[in-house]
Structures are given as structure tokens and as C-alpha cells.
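Here's a quick tour of the cysteines and aromatic rings in this one. Have a look at the model first, then read on.

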Amino acid sequence: MEARVERAVQKRQVLFLCVFLGVSWAGAEPLRYFVAEETERGTFLANLANDLGLGVGELSARGSRIGSDQHTRFLLLNPLTGDLLLNEKLDREELCGPTEPCVLPFQLLLEKPFQIFRAELWVRDINDHSPVFLDREILLKILESTTPGTAFLLESAQDTDVGTNNLRNYTISPNTYFHINVRDDGEENIYPELVLDRVLDREEVPELSLTLTALDGGSPPRSGTALVRILVLDINDNVPEFVQSLYKVQVPENSPVGSLVVAVSARDLDTGSNGEINYAFFYATERILQTFQINSTSGNLHLKAELNYEAVQTYTLTIQAQDGGGLSGKCTVVVHVTDINDNPPELLMSSLTSPIAENSPETVVAVFRIRDRDSGNNAKMVCSIQDDLPFVLKPSVENYYTLVTESPLDRESRAEYNITIAVTDMGSPRLKTEHSITVLVSDVNDNAPAFTQTSYTLRVRENNSPALHIGSVSATDADAGANAQVTYSLLPPHDPRLPLASLVSINADNGHLFALRSLDYEALQAFEFGVGATDRGSPARSSQALVRVLVLDDNDNSPFVLYPLQNGSAPCTELVPRAAEAGYLVSKVVAVDGDSGQNAWLSYQLLKATEPGLFGVWAHNGEVRTARPPSERDAPKHRLLVLVKDNGEPPRSASVTLHVLLVDGFSQPYLPRPEAAAEQAQADPLTVYLVIALAAVSSLFLFSVLAFIAVRLCGRSRAASLGRCSVPEGHFPGHLVDVTGTGTLSQSHQYEVCLRGGSGTSEFKFLKPIIPNLQSLSTGREVEENPSFGNDLGF
């Protein structure tokens, strides 16, 4: 359960850190809890919630956890109830060795808000170890001349318990020669001394065997025994004596194996074998025997193994100098191990939060602790991170640090941070530890899609096929994931009359635009609409751009002839006097084209004529003029076929037929069509009656013509002031044919068109231009698209 809680805490994002509150609590006296060693796992120790005055469930809500320097987790916290339980059996001797009291510090960490409570678990010793002698048999050689009261130092027993459970007394089996004296060295260590009560006689008692018993202070007490064998020797009256009874040396912990620690020296005034001295350890512990070795002849003490200040700071050795006669002297060597900076700092990570949402306020990223197993300046540490990162380290108590964001992060600027936490101690040389963590920045939808252009201009040729791809719009979003997925849509047009839904569509995924139906340039030259780009964030963000579609003209309209009319009625006959000069304006072909640009540039061409050399057509304005003066030999009636062609690709054309009559003058009566004259020529010869009737009709006709001319003269004077000629309203809705900018002329002209009275043929007659319009064409299309067009027309 605790593992699940820990994983949940590591995933949480700590928003605010109450450092000052944590410092105030950490500065108070730590809570103390006591437990006896070897207590069963799961034993209830205390209720932390009650001890700290916290409410039920507050430990769970605030993300509680237990932290300690121990490699094993010896405590277990139930965050729901606040119960503190023992997680495993504790061996005080393994945890603390001879140190008393055995205190295991730990901390209660609360992360929301951040707070630290210090506490200590005091492990009480139980009497679970008996005193033990390293040697089961102790051999003593005592001269028979030894005076009573002489004391002989014996091997001390080892008891790993502490306090009252430690070694407290020694006893010897009952005898008449010796008793035990217990000596205290002032450092809570006792040594047994065998004191001679009366003189020995080797001849009477050459050897004694006594039982030495070591007792501890437990209840009930434990004991250990060793056999003391005493050999009574002949007289050797000089005991080896050391120059110093106590040697104190300091040895750096990095001293190489084999290096000299100290040289002890003893002397013996005897000679021979009684004066030969042999050096050896006097009942040394196993750790001393593994660490040191002594030269039995020279007394030089050397290192046998590497020293470690963090494991043992002081060694106390007893060295014995024994002569050949069995007499010995002893000295004490105290080796103090000095610390060197051989342990790099350590970083213990408590929690790490990643990823972190961008734009968030100050956020706790990591909580960790640093430590150094050295001492003094070697254990003083400095913690730092790179300077170019938006993070800051905040120190707390008990060498705890929090890594906090200094300012809100922006994922679009940087989505990942590799943070190296450097911990450097103050030793010489300085040791440094680096711990790298990776912090990811999660995306927040704080960027709207951005179009590559604020406006797009698309061109599509008319008469396109439906579903034609006409272009694309594109928008990008600086966010990531769903926040960067863009959907495109059409916006409602500003002009509600524009049927946008039937004109174009857009692919919502990629922004491709399609024309839904065939477009007609003559109906719609251009239209505008807006497109929107919306991301899939929450809330969604959007932007828009303007799209303008230009419909390009295609040459899909043939020229249309406005004059002369081609409505299936009787053709209009143009009258040309035979006295006309070359260049005489006979008529003008007026045509328009529904296209634009060069597709509407019209040219005129005379395809066929009754007399090819008599008439000509101006290519640019459609004016039909005489190419030479008419002659008497020219036929009275001429038929002209004029072709009107645009400049498209491929070009389109239309044709029109003109009928021209050559007359001697405008007073000449209207001549019937050649077909009618031919019919009359085929009739029977006229009788005299018919001649008389013809003369009467001719006279009447001549009178009518004179009357008509008089009426026309009066009407012309009025038409000159009104700019038009008078015609009956029943025949035309308008009196003038206004040829404006239809793609055929560079200027606007008005021609007077009159219905010939009494003709009954509905023929038109161009007499002369009345009002020249010198302004540009109303649409200006031809002049703008081809500036040389007006020059080609001669204007």
C-alpha cells in the first residue's frame, strides 16, 4: 500500500511550497519513539497523526511519507490511520555497534503543502548476547619467585550488548593461589587481573588450571568461560618493559596497505633467552587482526588492510613484549583514523514531478536530500543547477532542497529541460556529484492556428468541371497533440445573396478548396468568402483568412451582330449614290461579344462581295466603305458577306449579309429588288393601258416624293436640335442606335437610323454620326486590356 501511495505522490504536481512552515516545525525538538531490538515486524509504535495534532486522513491527503538515511526501510506508515509500524526486526548491534544510545533518525515528509517533521527511533538493547572469550584457553607462565600481590592481566571477554547488558564482572574458580581483580580503564571497559595470593612453588605445584567466568549485567545475566592454565617457571627476574606504556598515533584513512603505523620498543635486562623479546598482539579482536600486523622482532606495526574513517574512527591495541623466559610486558597503542575527503556527496531523490503544464505558476518539480559520509569541512556541501534554466533551488532543513520553477514555462519555446543538479563538498580536493533529471513541459492550448497568408487569391477558368480542386489554404498551430490538429471550415459570406454553399467546398482536414459546379464568367467574375481554422484544444482556438476567387474568361461566346438585324425579316438595303467618292461610309456592322479581354476583341473581314473591288470593311470598327468610286458599269445591287471574328483561342465568329443599292441620287425612287424586276421582265408586254396607268402612277409617285422630302426637311431641322430623327413610335421603341463600348469600337457613336417611309420593308439607313462620345467605353475593358487597340482604330 505504501508503494502505491508513494507512486501516486510522485505523480502529483505540487503547486505551492510552504517552506517557512516546514522550517518552523523542523526546528522543534524531534519526536522520540522507543522500541526494543528483536521486536516482531508489524508492531505498533505510535500514531503520528495524534502526536502531531493532525486530523484523520490529513496524512493521506497531504501526501505523507517516511524518509531516513538507512538503506532499509525500518518503519512503515499507514497514511489513512496515521499508525507508525515496525517494518522489520531490528538488531541493535548491527545498526549501532557499541554506540549507545542507538538512535535512528527519520523524517515525516508532507508534500501538500511541503512540511517536514523530525523524529527519532531509539532502539533499546536486550540481553541477547553472552560474553565470549576469543581464546578458550589462556596460558600463563609465572615464575615461582613471583611475590604475592602480583597481578597478571588476562584476556577480556567480548560482549556486543551495551549498557547494563554489557560485561560487568569476572570470577575465577575457587583456589588457594589466586583471586580476580576487575580493573576499569576509564572508558567503560573492564579487564580481569589474576592476583597472586601466595608464593608459588614449581616443585610443589608446576601447573594450575582455573576457570575464568565473564558475567554481564542482564537479567537474567549471561556468562562465558575460558580455561586459564598457569605454568610455574623457574626464576626470570626481569620483565620486558616498553619505552612508553601508551602510544597515540593519527593515521589518514587513505594510508596504503603495508605502511608503518607506529614502532613500539621494549627492553629486558636479562641475558640469553630471558632477554630475547618477542612482540605480539595481546588478545586482539578479529577486526584488529584483520587491519594490523606487527613484526614480532622489530615491534613495527603495519597496516594489513585499508582504513575507513566512516566505519571505525579509533583502534585500541594491546601489544605484548615477551622474553624467552616467559615474562612479558604490555603497552597500549591508540590509533586515531583521520578523515580524508574520499566520499563524494550523495543525492537522495524523494519526489519528481514530470511533465509540468506550461503557463503554470511556481511549481515544485523535485524534492531531494543531499548528504556526505565524511566529516568536518569534507561533509559541508553546496548544491547548484545550471544558470540558464528557469528553475531555482530552495534549501530547507535537514539538507532537503526543493527544485521550483522560477517563472511560467512555455512549451512552444522549449518542451524539455535536462537539469543537472551538482552537489560539491568543501573538502580538499573537492568532490562533486551530478544528478540529471529530465522535466517535460506539457502543452496547453495557448496558440491559435495561424494561416500562412492573411488572404488568398485563387484563379479558376470558367466552364470548369464540378469538384475541381481550385487551390488550398494552410494554417499551422504552434501547440502539440490535439491542440495542434487544425480543422478548416467555410465562414458565412458577408453578402447573403452569394450562394457560397453551392459554389465551393473545403476539405476540413487539409484545407483543399473545390468548385462544386461549373462557373460562368459572364454571370460571376469574382467572389470572396472567409475560411476558418480551428484547433481541437479545450477550449478551442481559431483564426480566419480571406479567400478571393477570380473566374477567368474562356472563349465560349461567339460574336453577336447588333446591326444589321438578323432576325429573319426582309434585309435592310443600304443606298449608295453613284457619285460617291472612295471611302464613302456605306454602313457599319455593329457586334458585341459576351466574353472579355482578347476573347472580346473583334475584327471584321469581307468574305464575299458581288463586286470584290468596290467595297471594303475596316477590320477594327466594322465600317463598310467604298474602295473606289462607283461607275456606270457596276451593277445596281450588291450583296456583301461580312465575317465578325473574336481574338480567342480557338477564335469564334459570326457572319452578316449586307445589301447595297447604287442609286443616281437620293431623289431616285426606290428600285425594286432585282428579283422583282426579273419577274416583271418575264411578264407579258404591257398594253397601252398599262403605259397610261404607269404614267399616272409615276406622276402621283413624284408628287408623293416631293411631299415626303418637304416633310423630311422639316423633321431634320427638329432632329438636329433634338439629336434624333422622328419616326413613328409604332415601328421602333427608340430613335437612335447607340453603339457603346461593346468590344468593337474605342469610342462611342450614335447613328441616326430612320425607317424609310412607305417602303414597308422595315429597312434601316445609316445617314451620319450625330453625337460623338469622346469618353472611354463604359466598361473600359478593351482599352485597359489592350492599350494599342484604340490606336489601331485610328482614334
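Let's fix a term before anything else: a residue is buried at under 20% relative accessible area, exposed at over 50%, and partly exposed in between (1.4 Å probe, protein chains only). This is a predicted model, where local features need pLDDT of at least 70, side-chain atom pairs count only at pLDDT 80 or more, and totals for chains, interfaces and linings use all residues. Residues are numbered from 1 along each chain as its sequence is written, and side-chain values use heavy atoms, with hydrogens and water left out.

**Cysteines**

How many disulfides does a search of the whole structure find? Just one turns up, taking a disulfide as a pair of cysteine sulfur atoms within 2.5 Å. The partners are cysteine 96 and cysteine 102, with their sulfur atoms 1.9 Å apart. Both cysteine 96 and cysteine 102 are buried. The torsion about their S-S bond is about 65°, so this disulfide is right-handed. Elsewhere, cysteine 331 counts as buried at 1% relative accessibility, and cysteine 383 also counts as buried, at 14%.

**Ring pairs**

Searching the whole structure gives 10 aromatic pairs. Here rings of Phe, Tyr and Trp (its six-membered ring) pair if their centres lie within 6.5 Å; planes under 30 degrees apart count as stacked, over 60 as edge-to-face and the rest as tilted. Two of the pairs look like this:

| Pair | Centre distance | Plane angle | Class |
|---|---|---|---|
| Phenylalanine 133 and tyrosine 170 | 6.4 Å | 55° | tilted |
| Phenylalanine 282 and tyrosine 283 | 4.3 Å | 70° | edge-to-face |

Phenylalanine 133 sits in the loop between β7 (114-124) and β8 (137-143), while tyrosine 170 is in strand β10 (residues 167-172), so their pair ties together parts 37 residues apart in sequence. Strands here are DSSP runs (E, at least two residues), numbered from the N terminus. Phenylalanine 133 is buried, with a relative accessible area of 2%, and tyrosine 170 is buried with 3%.

In the other tabulated pair, is each ring buried or partly exposed? Phenylalanine 282 is buried at 11%, whereas tyrosine 283 counts as partly exposed at 24%. There's a cluster too: ring pairs link Phe451, Tyr456 and Tyr488.

**Charges over rings**

Phenylalanine 282 comes up again here, with the charged end of lysine 330 sitting over its ring, 4.5 Å from the centre. The test is that NZ of Lys or CZ of Arg is within 6 Å of the ring centre and within 35 degrees of the ring normal. Likewise, the charged end of arginine 625 sits over the ring of tryptophan 618, 5.0 Å from its centre.

Note on methods. Helix = DSSP H or I, 4+ residues; strand = E, 2+ residues; numbered from the N terminus.
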